[in-house]
Amino acid sequence: MRRRTSFAGAVAMGVCLALAGCSADDGPELTVSGAFMPQPVGDMAAGFLTVENSGGTADKLTSVTSDIADDITIHESKNQRMRQVTSFDIPADGTLALERGGSHIMFTALKQRPKQGDKVAVELHFEKSDPITVEIPVKETAHRPQKH
């Protein structure tokens, strides 16, 4: 009887350790930095930011919502051509960079045109992670952030 109890205890401990190895700590851990929107000159605007994933699991940016526009899409630019995409990969222990001349957020049919110094609230939606709300500062139209 004692051997069965010891074996059952060892199995239970192994299951607990296996479950602990698959805990939420291994999921995506996302942070957003470097967000900005150049002041729009028409009824469209672009948004740029960086999503860093310090977690051990990849994720995807799937959509963006905001009160500033009903039509917000995500685009990639390759070979000087822009096209709408359904998601952007955010690799495990990696970065998604939305920047001028590349991938970006596109705001179409703006409800109001933000001015330099304003902040635009957006909510980023992901495949696995909870949404993240970001206050995007509006910069001058020709703004180019400093590379570090």
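Here are some notes on the strands, one loop and the nonpolar core of this predicted model.

1. **Where S1 goes.** A good place to begin is strand S1, which covers residues 30–38 and runs antiparallel to S2, with 5 bridges joining the two. To find this pairing on your screen, look for Thr31, which stands opposite Glu52 in S2. S1 and S2 make a hairpin, and 5 residues lie between them.

2. **A parallel partner for S1.** S1 also pairs with strand S10 (residues 132–139), this time in the parallel sense and through 2 bridges. Here the pair to look for is Pro38 and Lys139, the latter in S10, which stand opposite each other.

3. **S2 meets S8.** Strand S2, residues 44–53, also pairs with S8; the two are antiparallel, over 4 bridges. Met44 has Thr108 of S8 as its bridge partner.

4. **S8 and its other pairing.** How many bridges join S4 to S8? There are 5, and the two strands run antiparallel, S4 being residues 71–78. A handy marker is a pair of histidines: His75 stands opposite His104 in S8. As for covering, S8 spans residues 104–108, and 4 of its 5 residues are buried.

5. **Two residues worth a look in the S4–S5 loop.** Asn79 sits in the loop between S4 and strand S5 (81–85), and Gln80 lies in the loop between S4 and S5 too. Asn79 is not a glycine, yet its phi is positive, at about 55°. Gln80, also not a glycine, has a positive phi of about 60°. Are these side chains buried or exposed? Asn79 has a relative accessible area of 75%, so it counts as exposed, the cut-off being over 50%. Gln80 is exposed as well, with a relative accessible area of 84%.

6. **The nonpolar core.** The largest nonpolar core holds 27 residues. Which of them touch the most other members? They are Leu49, Leu61, Val64, Ile105, Phe107, Val122 and Leu124. Strand S9, residues 119–126, gives this core its largest share, with 4 residues.

7. **A closer view of Leu61.** If you would like one core residue to click on, try Leu61, one of those touching the most other members. Leaving out residues up to four places away in sequence, Leu61 touches Ile74, Thr86, Ser87, Phe88, Ile90, Leu96, Leu98, Leu124, His125 and Phe126. Among these contacts is Leu124, which is also listed with the core residues that touch the most other members.

Conventions:
Residues numbered from 1 in each chain as written. Predicted model: local features only at pLDDT ≥ 70, side-chain atom pairs only at ≥ 80, totals over all residues. Heavy atoms only, no water. Buried < 20%, exposed > 50% of the residue type's maximum accessible area, 1.4 Å probe, protein only. Pairing = 2+ DSSP bridges. Core = buried A, V, L, I, M, F, W, Y, C linked by side-chain atoms within 4.5 Å. Contact = heavy atoms within 4.5 Å.
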